[in-house]
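Student: Please take one part of this model and go through it closely. I would like the sheet, what packs on it, and the spaces around it.

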Amino acid sequence: MKVAKLLYINGKWESERNDKGVDYQNAVLVLGYGARNILEDPAFFSEVKKKFPKADIALSSSSGEIFCNEVFDDTVAITVLEFSSSQIRTTQIDINDFQDSFEAGNRLIENLSDDHLKWVFVLSDGSKVNGSKLVEGLNNARPDKVLISGGLAGDSDKFEKTVVGLNQVPASDKIVAIGFYGDQLELVHASYGGWESFGLERTVTKSEKNILYEIDNRNALDLYKKYLGKYAEELPGSALLFPLSLKTSEDSDPVVRTILSINDEGNMIFAGDLPEGSKVRFMKANMDRLIDAANAAAEACLAINSGASLAIIVSCVGRKLVLGERIAEEVEIVREVLGSKTILTGFYSYGEISPLKPFDDCALHNQTITITTVNETE
């Protein structure tokens, strides 16, 4: 397995790492994450296609690009892959062609044959796709032991429009899935939040998909404001500092949910569903614990596979906004743990897709850092 990476910045290819001599003319896969205004320019796609003429090209808008051990904005980070024996198969769908996001997720997996399928990497529109229903559909059709990871496209901190594209100029409403096949593939995944829970466990008593109305039969926003104290006046922006821990059943592991906005009726809209009957706890930000979570995710990957050629990080825009000038520390700690031989790439998203348990069903995360490491044995 050979991996190279390039950074498109200020209108040109300014940085490149191609230690193993990837043949750009014969590369099989290009993954790119970047600023929406660049990706929507047909001239940019033409340039990428000319540079990698035989590759499947999957592009997604982002809220920050990970290149080496730095985080960039207003760039495009490109990863180029070439395999010895493994193969890929790609598929793209439009969410408007389906009744809901569940059906869309189900179709994505059905489009990828399960013979020797090991991993499905998903890049989805982050504005119009219901991420919770998407992962339910992915899991419904997922063959046993097949890893599914990826993320929802971002749009800086604008939350206006996201774009994704496979072998075309990226556009809204698209979902791309890349299937990786081959017995020589070695895959490891991890996801950690690092948020600190506080207060009592409470029950969601009224909700509709990702809109929360009541917790413990009380107005959810009023209860939220009580816990936020002085930060209540800064809603919804301050909600990034106080996400919710969500458990859909007694036996399920918690995932993080964060507020996207508050509608005109005073109800909170989250970046993921909160089913009625779910258990929630309030959480608060701790800078050091967020960075410790990145360390823990990297350590979990390293413990299983110390020789990964590639590590794809999908982390949340909420973490980026909370960490501010310290955001590079999240990536730097991953680099320190995994070592210089593993190429780091990835992006900041509007939702992260990764299992909670090894090669189990995938889950939709918010405010979480996820890592997928990839290697190909000889």
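Tutor: What follows is a walk through one sheet, its helices and the spaces beside it, with a short look at other parts.

Keep in mind that the model is predicted.

Start with the sheet itself. Six strands make up an open sheet, and their order is 6-5-23-22-26-13. The pairing in this sheet is mixed. Strand 6 (70-72) is one edge, and strand 13 (185-192) is the other. Each of these two pairs on one side only. On average, neighbouring strands of this sheet are turned by 20 degrees against each other, direction ignored.

Now look at the strand 13 end. Strand 13 runs antiparallel to strand 26 (residues 369-376). Eight bridges join the two. To find the register, take Ala190: its bridge partner in strand 26 is Ile371. Helix 6 (residues 287-304) packs on the sheet here and touches both strand 13 and strand 26. The direction of helix 6 makes about 155 degrees with that of strand 13.

A second helix covers other strands. Helix 8 (residues 327-338) lies across strand 5 (65-67), strand 6, strand 22 (310-316), strand 23 (343-349) and strand 26. Helix 8 runs at about 150 degrees to strand 23. Which residues of helix 8 are buried? They are Ile327, Glu330, Val331, Ile333, Val334, Arg335, Val337 and Leu338. Note that Glu330 and Arg335 are on that list. After helix 8 comes Gly339, with a positive phi near 90 degrees.

Next, the enclosed space. A search of the whole structure finds one cavity of 30 Å³ or more. This largest cavity holds about 40 Å³ of space. Its lining consists of Phe121, Ser149, Gly150, Ile312, Val314, Ile353, Ser354, Thr370, Ile371 and Thr372. Strand 10 (147-152), strand 22, strand 24 (351-355) and strand 26 each give two or more residues to that lining. Strand 26 has the largest share, with three residues. Ile371 is therefore worth finding on screen: by the definition of lining, this residue has an atom within 4 Å of a cavity point. Ile371 is also the bridge partner of Ala190. By class, the cavity lining has five nonpolar and five polar residues, and no charged ones.

Strand 13 leads on to an open space. The second largest pocket contains about 400 Å³. Of its 22 lining residues, Ser191, Tyr192, Pro254, Leu356 and His365 lie nearest the centre. The elements giving two or more residues to this lining are strand 13, strand 18 and helix 6. Strand 13 makes the largest contribution, six residues. The lining divides into 14 nonpolar, six polar and two charged residues.

Compare that with the largest pocket. The volume of the largest pocket is about 530 Å³. Among its 22 lining residues, Thr248, Val255, Leu356, Cys362 and Ala363 are the closest to its centre. Leu356 is named here, and Leu356 is named for the second largest pocket too. Helix 4 (131-141), strand 17 (244-247), strand 18 (255-257) and strand 25 (362-365) each supply at least two lining residues. Helix 4 gives the most, with five. Strand 18 thus serves the largest pocket and also the second largest. The lining of the largest pocket has eight nonpolar, four polar and 10 charged residues.

Two pieces of context finish the tour. There is another open sheet of six strands, in the order 2-1-7-3-4-11, again with mixed pairing. Strand 2 (12-17) and strand 11 (164-166) are at its edges; each has a single partner strand, so one side of each is left without a neighbour in the sheet. Its twist averages 15 degrees from one strand to the next. Within it, six bridges join strand 3 (residues 29-34) to strand 7 (residues 76-82), and the two run antiparallel. Leu29 stands opposite Leu81 there.

Last is a hairpin. Strand 19 (residues 259-262) and strand 20 (residues 268-270) form it, with five residues between them. They pair in the antiparallel sense over three bridges. Ser261 stands opposite Ile269. In the turn, Gly266 has a positive phi of about 85 degrees.

Notes
Residues are numbered from 1 along each chain as its sequence is written. This is a predicted model: local features need pLDDT of at least 70, side-chain atom pairs count only at pLDDT 80 or more; totals for chains, interfaces and linings use all residues. Side-chain values use heavy atoms; hydrogens and water are left out. Two strands pair if DSSP finds at least two bridges between them. Helices (H or I, at least four residues) and strands (E, at least two) are DSSP runs, numbered from the N terminus. Axes are lines fitted to C-alpha atoms, for helices over the stretch in contact, and angles run from 0 to 180 degrees between N-to-C directions. Contact means heavy atoms within 4.5 Å. On a 1 Å grid over the protein atoms alone, a cavity is a set of points where a 1.4 Å probe fits but cannot get out, and a pocket is an open set with protein on both sides within 12 Å along at least five of seven lines; lining residues have an atom within 4 Å of a point. Grid points are joined across faces, edges and corners, and a volume is the space filled by probe spheres set on the points. Ala, Val, Leu, Ile, Met, Phe, Trp, Tyr, Cys and Pro count as nonpolar, Asp, Glu, Lys and Arg as charged, and the others, Gly among them, as polar. Buried means under 20% relative accessible area, exposed over 50%, partly exposed in between (1.4 Å probe, protein chains only).
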